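Grab a coffee and open the viewer. Here are some exercises to work through with the structure in front of you, each followed by a worked solution.

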Amino acid sequence: MAKNHYTFLIVPRKKSSVRKISVSSALVKCAAGAGILFVLCLVFFLYDYATTKSKDFELSYLKKLTNYQKTRIDSLATKVTTFEKKMENLKQFDEKIRSMTNFGKQRSENKSQMLGIGGVETEKGVVVGVNDLEQNLDRLIRDASAQEHSFTQLLDLLRKRESILAATPSIWPVQGWVTSEFGSRSSPFGDDEEFHKGVDIACRMGNVVHAPADGIVSEVVNRSDMGNYVVIDHIKGIATGYAHLLRSAVVAGQRVKRGDVIGYVGNSGRSTGPHLHYSVSLNGILVNPRKYLN
């Protein structure tokens, strides 16, 4: 039985005889199979080439991203280290202020040192570096909160001390010269010995008398011995008195600040001339005003 053949006619453009080629079907099938295999191989190699190129590009991008992240982590680690140094300086500053003001030392919340964070080369190294950095940031946030609380406490204490100082007599109520000290003296109205319960400050009639500290005016009266007389209550049982005034400039119950005008130097009451009789009492007991005059 004759084999199947495929006949191919080749017709040239020029006038010439037509060529006829006969090929067996087996050969055609082999050629077709080889062509299909070639195409498949070509497609596979092209796909593999494209995949390799894509992976190379992705790998290059990941390397650049890793280097960028490493640089950012190193930069952030440097900033965290700087922040920690500043926090340590603030703690020392806090303790120095407390030592100078006798407020007591701040209790250290965390004395651990920051972990070292260096360059990272691998993905694992990046994870470790980020974890260490996160832990240190959390700790620094806690330290910052503790330091904020300490400074708030310190500020409150300073304000209280400021209030105490402002309410403690410490300045001269009037400018002049002392003509009679606190204590025993000869009476200016005779030869008898008497105990002088304040300090006499002589100056011109009408000179302004200032409050030596913050307080509340508790008494504004006219007495036969003290003349026009003003008393101011201060802090912790301290009270100051101002006698022989020409007139007062305050009323009972009025709040005054250090330096406020409370009256004017006069010669009222039992007096030998224009002066201010200034007295200080502590819990109702008269004390030497010199302790409160700077």
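What follows is a set of tasks on a predicted model, each with its solution.

**Exercise 1. Getting your bearings**

Work out how many helices and strands the chain has, and what share of its residues is buried.

*Solution.* Start with the secondary structure: the chain has 2 helices and 14 strands. Next, go to burial. The chain runs to 294 residues, and 31% of them count as buried. Then look at the surface, which comes to about 20,000 Å² of accessible area, with 57% of it belonging to carbon and sulfur atoms. Last, check the contacts: among those with a separation of 6 or more, 61% are between residues 24 or more positions apart.

**Exercise 2. A salt-bridge network**

Find which residues are joined with Arg139 into one network of salt bridges.

*Solution.* The structure holds 8 salt bridges, so let's take this group step by step, using the 4 Å cut-off between a side-chain nitrogen and a carboxyl oxygen.

1. Glu84 and Arg139 meet through their side chains at 2.9 Å, N to O. Glu84 sits in helix α1 and Arg139 in helix α2 (residues 123–166), so this bridge links parts of the chain 55 residues apart.
2. Now check burial, where the limit is under 20% relative accessible area. Glu84 has 15%, so Glu84 is buried. Arg139 has 6%, so Arg139 is buried as well.
3. Arg139 also bridges to Asp143, at 3.4 Å, N to O. Both of these residues lie in helix α2, 4 residues apart, or about one turn of the helix. Asp143 is buried, and so is Arg139.
4. Put the shared partners together and you get one network of Glu84, Lys91, Arg139 and Asp143.

**Exercise 3. Two aromatic pairs**

Classify the pairs Phe182–Phe195 and Tyr242–Tyr278 by the angle between their planes, and decide whether each residue is buried or partly exposed.

*Solution.* There are 3 aromatic pairs in total; we'll do two of them.

1. Phe182 and Phe195 are 5.2 Å apart, centre to centre, with 85° between the planes, which makes the pair edge-to-face. Phe182 is in the loop between β3 (177–180) and β4, while Phe195 is in strand β5, so the pair ties together parts 13 residues apart in sequence. With 22% relative accessible area Phe182 is partly exposed, and with 46% Phe195 is partly exposed too.
2. Tyr242 and Tyr278 are 5.5 Å apart, centre to centre, and their planes are at 35°, so the pair is tilted. Tyr242 belongs to strand β10 (residues 238–248) and Tyr278 to strand β13 (residues 275–282), 36 residues apart. At 0% relative accessibility, Tyr242 is buried; Tyr278, at 0%, is buried too.

**Exercise 4. The nonpolar cores**

Find which strands each supply at least two residues of the largest nonpolar core.

*Solution.* Begin with the core itself. It has 22 residues, and those with the most contacts inside it are Val209, Val230, Ile232, Tyr242, Val256, Ile262 and Leu276. The strands that each supply at least two of its residues are β6 (199–202), β9 (227–233), β10, β12 (261–265) and β13. For a closer look, pick Ile232: leaving aside neighbours within four places in sequence, its contacts include Ala211, Val217, Ile238, Tyr242, Val256 and Ile262. There is also a second, separate core of 6 residues, among them Ile73, Val80, Met87 and Leu133.

**Exercise 5. Out towards the surface**

Locate Pro188 and find which residues it touches beyond four places away in sequence.

*Solution.*

1. Pro188 is in the loop between β4 (183–186) and β5 (193–196). Its relative accessibility is 45%, so Pro188 counts as partly exposed.
2. Its contacts beyond four places away are Glu194 and Thr272. Pro188 and Thr272 are 84 residues apart in sequence but 7.7 Å apart in space, C-alpha to C-alpha.
3. Glu194 forms a salt bridge with Arg185, with the closest N and O atoms 2.8 Å apart. Glu194 is partly exposed, at 25% relative accessibility.

**Exercise 6. A nonpolar patch**

Find which residues make the nonpolar surface patch of about 480 Å².

*Solution.* The patch is made by Phe38, Val39, Leu42, Val43 and Leu46. Take Val39 as an example: it is in helix α1 (residues 25–101), and at 46% relative accessibility Val39 counts as partly exposed.

Definitions and conventions: Residues are numbered from 1 along each chain as its sequence is written. This is a predicted model: local features need pLDDT of at least 70, side-chain atom pairs count only at pLDDT 80 or more; totals for chains, interfaces and linings use all residues. Side-chain values use heavy atoms; hydrogens and water are left out. Buried means under 20% relative accessible area, exposed over 50%, partly exposed in between (1.4 Å probe, protein chains only). Contact means heavy atoms within 4.5 Å. Patches are made of residues with over 30% relative accessible area and no salt bridge: like charges are joined within 9 Å, nonpolar side chains (Val, Leu, Ile, Met, Phe, Trp, Tyr) within 5 Å. Accessible areas come from the Shrake-Rupley method with a 1.4 Å probe; for residues, only the protein chains shown count as cover. Rings of Phe, Tyr and Trp (its six-membered ring) pair if their centres lie within 6.5 Å; planes under 30 degrees apart count as stacked, over 60 as edge-to-face and the rest as tilted. A nonpolar core is a set of buried Ala, Val, Leu, Ile, Met, Phe, Trp, Tyr and Cys residues joined through side-chain atoms within 4.5 Å.
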